[in-house]
Amino acid sequence: MSKLDTLKAALEAALGEKIQNLKTEFGEITVQVSAANYAAAAKILRDHSELRFDQLIDLCGLDYSSYKDGAYDGPRYAVAVHLLSVNKNWRVRLKVFCPDDDFPCVAALTPLWTSANWFEREAFDLFGIIFDGHEDLRRILTDYGFIGHPMRKDFPTTGNVEMRYDAEARRVIYQAVTIEQREITPRIIREDNYGGH
């Protein structure tokens, strides 16, 4: 039995009916659970003696709004968590979809892994995903006055406002985004027989 098969069997035994979907692709295992079972499944992954996923390596938000060229009709937002077991030397991806597209919310994993703190704040800031139970859920990459969530696929690529220093006012000001049409690549005109051709 391969190491991946051993991990798959251990996951199925430990998580049981909490598993909505378990996929093995590209030598990696992804376990999908419901939002209601997310925190409990994460705790089992950390504490179960056959699993011992003691490190949260990464947590990121996902926006499925344009998945399959817009033909996808499932929940829009998801969270993917990458876990590492140093003791067992294996990894797993835990995935959960937010049940409400208008108010995407899942449980916070900061009580289980403190490393989730910054990642959850980033997913909140960039995708607008709420992590219930997070003690300090505030923006981390955008400005405090920023409106919207820039990694949502419906967010305007130019943003809504821009910030700049105004020398006359001697302070930073916010104003509506202005975009000037410009040619980024200069037009090149070649002479006849350029380079001997």
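**Exercise 1.** Determine whether Lys43 is buried, partly exposed or exposed, and describe its salt bridge with Asp47.

*Solution.* Step 1: Lys43 has a relative accessibility of 41%, so Lys43 counts as partly exposed. The classes are buried (under 20% relative accessible area), exposed (over 50%) and partly exposed in between, with a 1.4 Å probe and protein chains only. The model is predicted: local features need pLDDT of at least 70, side-chain atom pairs count only at pLDDT 80 or more, and totals for chains, interfaces and linings use all residues. Residues are numbered from 1 along each chain as its sequence is written, and side-chain values use heavy atoms, with hydrogens and water left out.

Step 2: Asp47, at 40% relative accessible area, is also partly exposed.

Step 3: A salt bridge requires a side-chain nitrogen of Lys or Arg within 4 Å of a carboxyl oxygen of Asp or Glu. For Lys43 and Asp47, the closest N and O atoms are 2.8 Å apart.

Step 4: Both residues lie in helix H2 (residues 38-47), 4 residues apart, about one turn of the helix. Helices (H or I, at least four residues) and strands (E, at least two) are DSSP runs, numbered from the N terminus.

Step 5: Lys43 and Asp47 also belong to a network of salt bridges with Arg46.

**Exercise 2.** Locate the partners in the salt bridge of Arg76 and Asp63, and state whether each is buried or exposed.

*Solution.* Step 1: The closest N and O atoms of Arg76 and Asp63 are 2.9 Å apart. This pair links distant parts of the chain: Arg76 is in the loop between strand E3 (55-63) and strand E4 (77-85), while Asp63 is in strand E3, 13 residues apart.

Step 2: Arg76 has a relative accessible area of 17% and is buried. Asp63, at 6%, counts as buried.

**Exercise 3.** Find what surrounds the side chain of Arg121.

*Solution.* Step 1: Arg121 belongs to helix H3 (residues 116-127).

Step 2: Arg121 is buried but has no salt bridge; Asp136, the nearest side chain of opposite charge, is 4.0 Å away. Here Lys and Arg count as positive and Asp and Glu as negative, while His and the chain ends are not counted.

Step 3: The side chain of Arg121 reaches the backbone oxygen of Arg138 at 3.1 Å.

Step 4: Apart from neighbours within four places in sequence, Arg121 contacts (heavy atoms within 4.5 Å) residues including His134, Leu137 and Ile140.

Methods: A polar contact is a pair of N or O atoms within 3.5 Å; within protein, one must be able to donate a hydrogen and the other to accept it, and residues adjacent in sequence count only if both atoms are side-chain atoms.
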